[in-house]
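Here is a short note for a colleague opening this model. Please read it with the structure on screen.

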Amino acid sequence: MNKGLLAELKEKLEKEKTAIKKQLATFADQDPELKGDWDTRFPKFDGNLEEAADEVEEYTSRLPVEFSLETRLRDINLALDKIKKDKYGRCENCGKEIDEKRLKVLPAARVCMKCQK
Ligand SMILES: [Zn+2]
């Protein structure tokens, strides 16, 4: 892969990382013990049951969002780590180079098109 494209993809990954972290921080706390793990803030109860039920519902609806953001963040960190180790752009499954077109759309892709299927 040429250096220009690599730099471009790295920048894309860094930007996406910042954006996801910002999004996560609006409703979740990063666990200081487990690096990179986020926990959706559980609602505080103040005795108002109706309000509490609403908040629990909101909390429950946020969990899948948190999970998907967290997965994306993890893949981005993995990709950035691979760039550092000069291993970026290879399929984790078959070891072949991932198509550049695919990486442009999904810079954090871990496997090639064939293995994705
Ligand atoms: Zn593959």
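The points below go through the metal site, the salt bridges, the core and two single residues.

1. **Ground rules.** This is a predicted model, in which local features need pLDDT of at least 70, side-chain atom pairs count only at pLDDT 80 or more, and totals for chains, interfaces and linings use all residues. Residues are numbered from 1 along each chain as its sequence is written, and side-chain values use heavy atoms, with hydrogens and water left out.

2. **The zinc ion.** Start with the metal. Four sulfur atoms coordinate the zinc ion at 2.3 Å: the SG atoms of C91, C94, C112 and C115. Donors here are N, O and S atoms within 2.8 Å of the metal (3.2 Å for Na, K and Ca); water is not among the atoms, so sites may look incomplete. The site is tetrahedral, with angles of 104 to 115° among the four donor atoms. That label requires four donors with all angles between 85 and 135 degrees.

3. **Where the donors sit.** Along the chain, the zinc donors follow the spacing C-x2-C-x17-C-x2-C. C94 belongs to the loop between α2 (49–84) and α3 (100–105), and C112 to the loop between α3 and α4 (113–116), so this pair ties together parts that are 18 residues apart in sequence. Helices (H or I, at least four residues) and strands (E, at least two) are DSSP runs, numbered from the N terminus.

4. **Exposure of two donors.** Which of these is buried, C112 or not? C112 counts as buried, because its relative accessibility is 9%. C94 is partly exposed, at 39%. The classes are: buried under 20% relative accessible area, exposed over 50%, partly exposed in between (1.4 Å probe, protein chains only).

5. **Disulfides.** The count of disulfides is zero. A disulfide would be a pair of cysteine sulfur atoms within 2.5 Å.

6. **Salt bridges.** How many salt bridges are there? The count comes to ten. Each needs a side-chain nitrogen of Lys or Arg within 4 Å of a carboxyl oxygen of Asp or Glu.

7. **R72 and E16.** One salt bridge joins the side chains of R72 and E16, at 3.3 Å from N to O. R72 lies in helix α2 and E16 in helix α1 (residues 3–25), so the pair ties together parts that are 56 residues apart in sequence. Both are partly exposed: R72 has a relative accessible area of 39%, and E16 has 26%.

8. **D75 and R110.** D75 also forms a salt bridge with R110; their closest N and O atoms are 3.3 Å apart. This pair links distant parts of the chain, with D75 in helix α2 and R110 in the loop between α3 and α4, 35 residues apart. D75 is buried, at 17% relative accessible area. R110 is partly exposed, at 27%.

9. **A network.** D75 and R110 do not stand alone: R74, D75, K82, E92 and R110 are linked in a network of salt bridges. K82 is found in helix α2. K82 is buried, with a relative accessible area of 17%. Leaving out residues up to four places away in sequence, K82 touches K87, Y88, E92 and R110. Contact means heavy atoms within 4.5 Å.

10. **R90 and E97.** The side chains of R90 and E97 meet in a salt bridge of 3.8 Å, N to O. R90 is partly exposed, at 43% relative accessibility. E97 counts as exposed, at 54%.

11. **The core.** In soluble globular proteins, nonpolar side chains tend to be buried together. The largest nonpolar core here has 22 residues, and L13, I20, L24, I76, Y88 and L103 touch the most other members. α1 and α2 each supply at least two residues of this core. The largest share, six residues, comes from α2. A nonpolar core is a set of buried Ala, Val, Leu, Ile, Met, Phe, Trp, Tyr and Cys residues joined through side-chain atoms within 4.5 Å. I76 touches L13, E16, K17, I20 and A108, not counting residues up to four places away in sequence.

12. **A backbone detail.** D86 is worth a look. D86 has a positive phi of about 65°, although D86 is not a glycine. D86 lies in the loop between α2 and α3. D86 is exposed, with a relative accessible area of 68%.

Key. Four donors count as tetrahedral if all angles lie between 85 and 135 degrees; four count as square planar and six as octahedral if opposite donors are over 155 degrees apart and all others between 65 and 115; anything else is irregular.
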